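With the model open in your viewer, please follow the stops below in order, selecting each group of residues as it is named.

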There are 2 protein chains.
Amino acid sequence: MPVGTVGTVKAVLPRDLEDMGAQIILGNTYHLWIRPGEETLKTMGGLRKWMSWTGPLLTDSGGFQVFSLSKIRKIREEGVEFRSHLDGSKLFMSPEKSIEIQEAIASTIMMVLDVCPALPAAREQLQDAIDISTRWAERCLKHRDPDAGALFAIVQGGLDRDLRRAHIEALSSMKAADRAGNFHEFDGIALGGFSVGEKPDEMYPVLRDIVPAMPADKPRYLMGVGTPRDLLEGVAAGIDMFDCVLPTRNARNGTLYTSDGAVRIRSQRYQRDSAPLDARCACYTCKNFTKSYLRHLHHCNEITASTLSSIHNLSYFLQLMRDARTAILEGRFAEFRNERLEDWRRGEEMLKL
Amino acid sequence: MPVGTVGTVKAVLPRDLEDMGAQIILGNTYHLWIRPGEETLKTMGGLRKWMSWTGPLLTDSGGFQVFSLSKIRKIREEGVEFRSHLDGSKLFMSPEKSIEIQEAIASTIMMVLDVCPALPAAREQLQDAIDISTRWAERCLKHRDPDAGALFAIVQGGLDRDLRRAHIEALSSMKAADRAGNFHEFDGIALGGFSVGEKPDEMYPVLRDIVPAMPADKPRYLMGVGTPRDLLEGVAAGIDMFDCVLPTRNARNGTLYTSDGAVRIRSQRYQRDSAPLDARCACYTCKNFTKSYLRHLHHCNEITASTLSSIHNLSYFLQLMRDARTAILEGRFAEFRNERLEDWRRGEEMLKL
């Protein structure tokens, strides 16, 4: 899922997302709550209509940003108190509030509010985060309007396999009555608390051990991950969905993903390179422009540098996922994954990005 | 002509320029000389190919930027010595050099190198600028490859009608032999040295007096102008071509042109305004987004704010010119102009932008 933090994928218009075959995008509840705010989102008929995006939209709960952006915060049973990263004003987010904001956003898939500890973390801290996250998940499930968006639960537990498995079990079997007395389960299960300080090689074996314990008949979503390698390792473990700002953030910095490896487009070596960024890519950028021109736009800090680079990087990630899907359907995913990892080992820095 | 200073119209992709019906764009020789430089432009087959723009391209001579951006400069008969506004390095631009760079750019319409004094200026200073500009114009006409781009002359003379008319006459009748001994005239005549410090109401009567003296069978181009009002007053005087950064620069600042007047899109009043920016506009922005959403993007300093706003403002200016052309062809330009001026007087600040 391309990430559209405050209601726009940075530098990319909805028609470009459609052109590149994006099937779903992500919005950040915390950012949208601060700007434009719940009332505006509600008045404007929700984010999808407002931003002219016709596909589905997933929103996080706001929890991750509360923990990553806000230096001053206080977790209580009722919710989390914190200060806006923009103006320092005091805010309070409860599980119910998160759901209400996500319903104002008119999200297609909502996420429960959770507590996400940075890694490394002590077992006791991980257990506390799980316990409160479980109670908050249940409150979300009770509070949401069952006729509105789908709702996914979030598993915590750091790199502790037993904690992870126990939390998966607790959330997968959870049922809660809505306001009309009808019982509901979660529509999907997500893994939170990865890519928060640990090494990729610490994450992969944990994923391989715990993902099979997640329900096979519901989407499995690995939050905030990751690099091309992370995606293939995640898929190998059984993950269905990912989101990450990497493709767009790196695009703006001039770090581009190609089938021949990573390209640092500002480099002198591309000054008069008349080849497209990636001859095997069908995106608007690769169809129309050379590396030489892209380098120039980046050197001049032109806005179109960000636009063209973001279109390409997102196209690269989406194509990688389409290729993985095809490989799975054709029963050759293991070979596909090995080939790509081999390519990336030969390419420039591709495994580190 | 939308302005694409360093080889891209800021925030706007070539396909958007095509969509909005742009027939020609402008590039700045001074900027392109500094970055990416003559050799790169030549190697890459010229700017149009490099930037994937299939329409015609006009380039200025670099003279205006030498005078407006460079604080340290020295005009000699041979050319102008100045320092780069980027790194302070010493550069020397002669009429011949300007033509060579514009031919490396593979420009469709090139401009002669001229000396452009800021206004107000003494008559003697205006006369000196005219004299050297005339000699430089002749050197450009001699030096250019007649099989390459067209070449326009530039008339100086400030607000002095007699100086202007004499310079028009000198340049209109100028013929110079190319390297093969064949004589050539200029392919069009431009007015430089307007919109450089004088008031609009000082420029209009001068235009009305001098433009009729310009050859009627060649394009008449008013350089670096201007506001919507400037365009209609220029057309009324007999001008055919304009260029200006106003639509794109104002777009990035959140000042938008609409058929209901100027819109300062950051204003609180648009927070929940669910109307398009301009209901009578057919651009991508107006077809897909509300004022509320555009305001939000500007408040969040999102790149897409610049893109969507630039697409709209350029569309507004191009539509204004198409409407003026239709009105001329239908013999009702005077009414058209009066109606628009009347609209703008009622609208918000439209006459001041």
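Select B:Glu302 to begin; in this predicted model its relative accessibility is 5%, and because buried means under 20%, B:Glu302 counts as buried. Now add A:Lys10, which forms a salt bridge with B:Glu302, the closest N and O atoms being 2.6 Å apart. This pair crosses between chains, with A:Lys10 in the loop between strand 1 (3–4) and helix 1 (14–19) of chain A, and B:Glu302 in the loop between helix 13 and helix 14 of chain B. A:Lys10 has a relative accessible area of 27% and is partly exposed, whereas B:Glu302 is buried.

Next, select B:Arg15 in helix 1 of chain B together with A:Asp16 in helix 1 of chain A, a pair that likewise joins two chains. Their closest N and O atoms are 2.4 Å apart, forming a salt bridge, and both B:Arg15 and A:Asp16 are buried. Across the interface of chain B and chain A, 4 salt bridges are found.

Widen the selection to the whole interface, where 43 residues of chain B are in contact with 43 residues of chain A. About 3500 Å² is buried between the two chains, and carbon and sulfur atoms give 59% of that area. On the side of chain B, the residues that lose the most area to chain A are B:Arg15, B:Trp50 and B:Ile303, which together account for 18% of what that side buries. If you display polar contacts, the count between chain B and chain A is 20 residue pairs, both residues being at pLDDT 80 or more. Several helices of chain B each supply at least two residues to the side that touches chain A, including helix 1 (14–19), helix 4 (47–51) and helix 14 (303–329); helix 14 gives the most, with 6 residues. By type, the residues of this side divide into 18 nonpolar, 15 polar and 10 charged.

Then stay within chain B and select B:Glu81 and B:Arg76, which form a salt bridge whose closest N and O atoms are 2.9 Å apart. B:Glu81 is partly exposed at 22% relative accessibility, and B:Arg76 is partly exposed as well, with a relative accessible area of 35%. In chain A, salt bridges that share partners join A:Glu78, A:Glu96 and A:Arg139 into one network.

Finally, select helix 7 (residues 123–143) of chain A, whose 21 residues should span 30 Å at 1.5 Å a residue, which agrees with the 30 Å between its end C-alpha atoms. Its buried residues include A:Leu126, A:Ile130, A:Trp136 and A:Arg139.

Conventions:
Residues are numbered from 1 along each chain as its sequence is written. Chains are lettered from A and ligands numbered from 1 in the order in which they are written. This is a predicted model: local features need pLDDT of at least 70, side-chain atom pairs count only at pLDDT 80 or more; totals for chains, interfaces and linings use all residues. Side-chain values use heavy atoms; hydrogens and water are left out. Contact means heavy atoms within 4.5 Å. Buried area is the accessible area (1.4 Å probe) that two parts lose on being put together, summed over both. A salt bridge is a side-chain nitrogen of Lys or Arg within 4 Å of a carboxyl oxygen of Asp or Glu. A polar contact is a pair of N or O atoms within 3.5 Å; within protein, one must be able to donate a hydrogen and the other to accept it, and residues adjacent in sequence count only if both atoms are side-chain atoms. Helices (H or I, at least four residues) and strands (E, at least two) are DSSP runs, numbered from the N terminus. Ala, Val, Leu, Ile, Met, Phe, Trp, Tyr, Cys and Pro count as nonpolar, Asp, Glu, Lys and Arg as charged, and the others, Gly among them, as polar. The expected span of a helix is 1.5 Å times one less than its number of residues. Buried means under 20% relative accessible area, exposed over 50%, partly exposed in between (1.4 Å probe, protein chains only).
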